[in-house]
Amino acid sequence: MSSTNEWLPAGPNVEAVRSQYADPLLALSQAEMPAIVLRQAYDPAHCQALMQRFINWGLIRDPLVKSADGRTRIDIGTSLGNRGHDQEAFLRHAVDTHQLFAHLFDGFVNPVQTMYDSLAALAVNKEVKTAREPDGRLYGPAIFRIHYETHSYKPHIDHVTLREKRFNYAVARFEHQFAGILCLQNASQGGRKAQTILHQCVWTPAVQPHIENETFPQYAAANNIGSYRVELAPGDLYFFNTRCIHEIPPLEGDDPRAVLAVFIGYSSDYDEIYVWA
Ligand SMILES: [Fe+2]
């Protein structure tokens with residue numbers, strides 16, 4: 001295993017990543033780097049304008065206006081993690097999301113397209129598609145997550161089969177799962193802010209007790225496991241391997257933190273890459 005300071009992200013744009021790695025997504029599937037970070041992949045002025053549109057359209061609440069809505073997180077989109085227990089309802093909800101997203105970005109660059117195009121530009125001989133069931137029904141293409149309060153996530157992984165044990169979905173066939181995150185707004189303004197701490201540790205059953213018992217920090221220290229802290233400004237986009245143990249530290253600031261997020265299914269021997277939320 002390489003030392004801490006050698007596990008560094010690829011970036012800061014597609015051209016640079018493609019010159020560093022012949023097959024960047026294959027390298028990501030092997031956790032050769034903590035993340036692929038694309039700086040200013042999306043216009044930060046459009047990030048701000050989209051946040052205002054979400055408020056104007058009543059999709060999220062205005063943090064400046066007192067509201068009875070006490071939710072600390074609002075999603076715009078269809079989450080397999082939250083809705084996948086009922087496949088029919090999940091797929092019906094995704095239809096509504098596709099209808100909403102067809103007009104939600106009118107007049108702006110479509111950030112979902114930016115996400116898919118960036119992924120396609122990193123892929124070698126693979127086609128990027130919204131995830132679908134064999135009968136053609138589509139999953140939600142991406143999701144906006146707006147956090148109104150600082151919310152930390154303990155060390156964990158995200159994986160449709162390894163963690164969530166969902167075998168009744170087409171995405172279960174992919175060996176590797178990545179996440180793509182586009183920063184729209186940080187909890188405090190100015191510069192790059194922390195998003196996620198990625199640990200140089202791919203999940204195995206042997207690590208699971210340390211996740212369950214919340215002893216991963218001690219395990220990481222004892223085993224000299226390196227980590228990388230992703231910091232983003234609005235418009236920055238990154239991809240990471242969600243089988244790497246990762247966590248979100250408590251963040252400072254009073255503004256809602258907003259991201260556009262996707263999950264990505266990848267296998268070296270499939271010529272399709274599936275994207276969902
Ligand atoms: Fe996660």
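The exercises below, each with a worked solution, concern the fold of one protein, a sheet in it and one of its residues.

This is a predicted model, in which local features need pLDDT of at least 70 and side-chain atom pairs count only at pLDDT 80 or more, while totals for chains, interfaces and linings use all residues. Residues are numbered from 1 along each chain as its sequence is written.

**Exercise 1.** Work out whether the radius of gyration agrees with that of a compact globule.

*Solution.* Begin with the rule, which is 2.2 Å times the number of residues to the power 0.38, the radius being taken over C-alpha atoms. For 277 residues this puts a compact globule near 19 Å, and the protein, at 18 Å, agrees.

**Exercise 2.** Is L260 buried or exposed?

*Solution.* First recall that a residue is buried if 20 or more other C-beta atoms, placed from the backbone, lie within 10 Å of its own, exposed if 12 or fewer, and partly exposed in between. Then count: L260 has 24 C-beta neighbours inside 10 Å and is therefore buried. In the whole protein, buried residues make up 38% of the 277 residues.

**Exercise 3.** Find which strands stand at the edges of the open sheet β5-β10-β7-β8.

*Solution.* Strands are DSSP runs (E, at least two residues), numbered from the N terminus, and two of them pair if DSSP finds at least two bridges between them. The order β5-β10-β7-β8 is that of an open sheet with antiparallel pairing. Here β5 (153–156) and β8 (227–232) each have a single partner strand, so they stand at the edges. Finally, β5 pairs with β10 (residues 244–248) over 2 bridges, and H156 stands opposite H246 in β10.

Notes
Helices (H or I, at least four residues) and strands (E, at least two) are DSSP runs, numbered from the N terminus.
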